[in-house]
Amino acid sequence: MTTLNASASPAARRTVRPIPQGRNRFERAMWLFMRFSGLALLFLALSHFGFQHIIVGTHRLTSEDTIVRWGLAGESITISQLFWRLYYGVMVLLAMLHGLNGLRQVAYDYLKNKTVYNAFMAAAAVLILAVTTMGVIALIVGVNASGATAAITR
Amino acid sequence: MSALISTVRASLSYRGREGHWLWLLHRVSGLGVLLFLILHVAGMSSAFISIEIHDRLLEMYKTPLFSIGELALAFGLIFHAVNGTRIAILELKPELWQKQQLATRLAIIIVVLLAAPTIIIMALGSINAFFGPAAGH
Ligand code: HEM
Ligand code: HEM
């Protein structure tokens with residue numbers, strides 16, 4: 001039940017967005033997903049950002065450290081490497097789906113032409129799902145250092 | 001296209017209170033972080049193809065342009081995370097709705113408390129890397 005004037009801008013209508021009522025199960029599920037994935041990302045994304053910037057520091061990032069955390073392809077992985085891969089795996093899946101659904105909400109507000117909206121979302125979904133797949137493959141396979149120089153693998 | 005322009009104009013000129021600016025900033029920061037995330041995961045996942053590509057991309061993270069851009073990323077990520085948490089808590093607990101003003105102020109204070117030291121530490125790290133005694137090594 002909304003008391004807001006339908007001619008108000010989308011901004012006015014969207015400042016508070018209550019849980020979608022009625023039988024639209026997909027929108028209800030997505031509404032809940034945005035909130036709970038957001039709360040999980042609060043810890044995952046902020047801890048990752050803080051780790052890479054405050055603890056390591058951008059200017060001290062090295063590929064060797066990534067090899068230590070992720071492990072090499074073809075070698076058996078250690079407990080700590082398993083932890084890092086699961087951590088990044090959960091983060092990449094939640095962040096990408098959260099971002100894709102967020103993008104859908106934004107596109108829905110601005111792209112009023114249905115054909116334009118559908119074409120845009122199809123392209124965005126293909127791109128995002130392709131990159132997510134790459135990210136997950138990297139975490140399953142591990143790092144390939146076979147062609148690397150000694151300076152990187154040490 | 002004209003619908004797009006008029007909606008964007010309406011969003012920019014709508015005179016709501018803080019809530020409207022928070023909403024707009026939430027949207028812009030979410031899109032910005034998503035753009036970074038797509039490029040970032042495409043780059044970091046290249047490690048499974050060849051660590052040398054990954055290594056070359058990591059070196060790009062140490063250039064002046066990236067060092068400036070990542071300050072905006074830090075603010076955007078922290079703002080979106082804290083404000084998103086405010087939204088989620090308020091909407092999952094409607095009994096807190098009388099306290100919206102307090103929640104808004106609290107969120108702004110927490111963003112400043114988290115973002116200011118983060119940005120200062122990052123900026124000092126970059127200044128040291130580019131101009132400090134070990135610069136160029
Ligand atoms: C760090 C913790 C995060 C929290 C707590 C969070 C929370 C939220 C919430 C609750 C919404 C729904 C807002 C609404 O329906 O009005 C939202 C929207 C959104 N989020 Fe996040 N989020 C987080 C991280 C991210 C990340 C990492 C990305 C990028 C991949 C992202 C991109 C977006 C986008 C594009 C929207 C749509 C904005 C809109 O509809 O105006 N968020 N976020
Ligand atoms: C400029 C800031 C950032 C830096 C320097 C950084 C650094 C890194 C590094 C070095 C890795 C490789 C893994 C490792 O060595 O531990 C990585 C992976 C990853 N990062 Fe970041 N990160 C940044 C920001 C972010 C943000 C804001 C997000 C999320 C919204 C994010 C999400 C991820 C994900 C999901 C992976 C795993 C990629 C995959 O599965 O292939 N990063 N990051």
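Start with the salt bridges, of which this predicted model has four when every chain is counted.

Select A:Arg104 together with A:Glu27, and you will find their side chains joined in a salt bridge, with 3.0 Å between N and O. Follow the backbone away from each of the two residues, and you will see that the pair links distant parts of the chain: A:Arg104 belongs to helix α4 of chain A (residues 79-110), A:Glu27 belongs to helix α2 of chain A (residues 25-56), and 77 residues separate them. The two partners also differ in their surroundings, since A:Arg104 counts as buried because its relative accessibility is 18%, under the 20% limit, whereas A:Glu27, with a relative accessible area of 25%, is partly exposed.

Next, select B:Glu91 and A:Arg35, which form another salt bridge, their closest N and O atoms lying 2.6 Å apart. Colour the model by chain here, for this pair crosses between chains, with B:Glu91 in helix α4 of chain B (residues 64-92) and A:Arg35 in helix α2 of chain A. B:Glu91 is buried, having a relative accessible area of 12%, and A:Arg35 is buried as well, at 8% relative accessibility.

Stay with the two chains and select A:Asp109 and B:Arg27, whose side chains meet in a salt bridge with an N to O distance of 3.0 Å. Because A:Asp109 lies in helix α4 of chain A and B:Arg27 lies in helix α2 of chain B (residues 18-44), this pair joins two chains. Both A:Asp109 and B:Arg27 are buried.

Now turn to the metal sites, and begin with ligand 2. Which residues are the protein donors of the iron atom of ligand 2? Select A:His48 and B:His40, each of which offers its NE2 atom, at 1.9 to 2.0 Å from the iron. This pair too crosses between chains, from helix α2 of chain A, where A:His48 sits, to helix α2 of chain B, where B:His40 sits. Measure the angles in your viewer if you wish: the six donor atoms around the iron atom of ligand 2 subtend angles of 85 to 179°, and therefore the arrangement is octahedral. Both histidines, A:His48 and B:His40, are buried.

Move on to ligand 1, whose iron atom has as its protein donors the NE2 atoms of A:His98 and B:His80, lying 2.0 Å from the iron. Here the pair crosses between chains from helix α4 of chain A, which holds A:His98, to helix α4 of chain B, which holds B:His80. The site of the iron atom of ligand 1 is octahedral, with angles of 85 to 179° among its six donor atoms. A:His98 is buried, and B:His80 is buried too.

For the last stop, select A:Arg85, which is found in helix α4 of chain A. What is the nearest side chain of opposite charge to A:Arg85, and how many Å away is it? That side chain belongs to A:Glu75, 8.3 Å away, and A:Arg85, although buried, has no salt bridge. Show the backbone of A:Trp70 as well, because its oxygen lies 2.5 Å from a polar atom of the A:Arg85 side chain, within the 3.5 Å limit for a polar contact. Then display the neighbours that A:Arg85 touches, leaving aside residues up to four places away in sequence: among them are A:Trp70, A:Gly71, A:Leu72 and A:Ile77, and also A:Leu139, A:Ile140, A:Val141 and A:Gly142.

Definitions and conventions:
Residues are numbered from 1 along each chain as its sequence is written. Chains are lettered from A and ligands numbered from 1 in the order in which they are written. This is a predicted model: local features need pLDDT of at least 70, side-chain atom pairs count only at pLDDT 80 or more; totals for chains, interfaces and linings use all residues. Side-chain values use heavy atoms; hydrogens and water are left out. Helices (H or I, at least four residues) and strands (E, at least two) are DSSP runs, numbered from the N terminus. Buried means under 20% relative accessible area, exposed over 50%, partly exposed in between (1.4 Å probe, protein chains only). Donors are N, O and S atoms within 2.8 Å of the metal (3.2 Å for Na, K and Ca); water is not among the atoms, so sites may look incomplete. Four donors count as tetrahedral if all angles lie between 85 and 135 degrees; four count as square planar and six as octahedral if opposite donors are over 155 degrees apart and all others between 65 and 115; anything else is irregular. Lys and Arg count as positive and Asp and Glu as negative; His and the chain ends are not counted. A polar contact is a pair of N or O atoms within 3.5 Å; within protein, one must be able to donate a hydrogen and the other to accept it, and residues adjacent in sequence count only if both atoms are side-chain atoms. Contact means heavy atoms within 4.5 Å.
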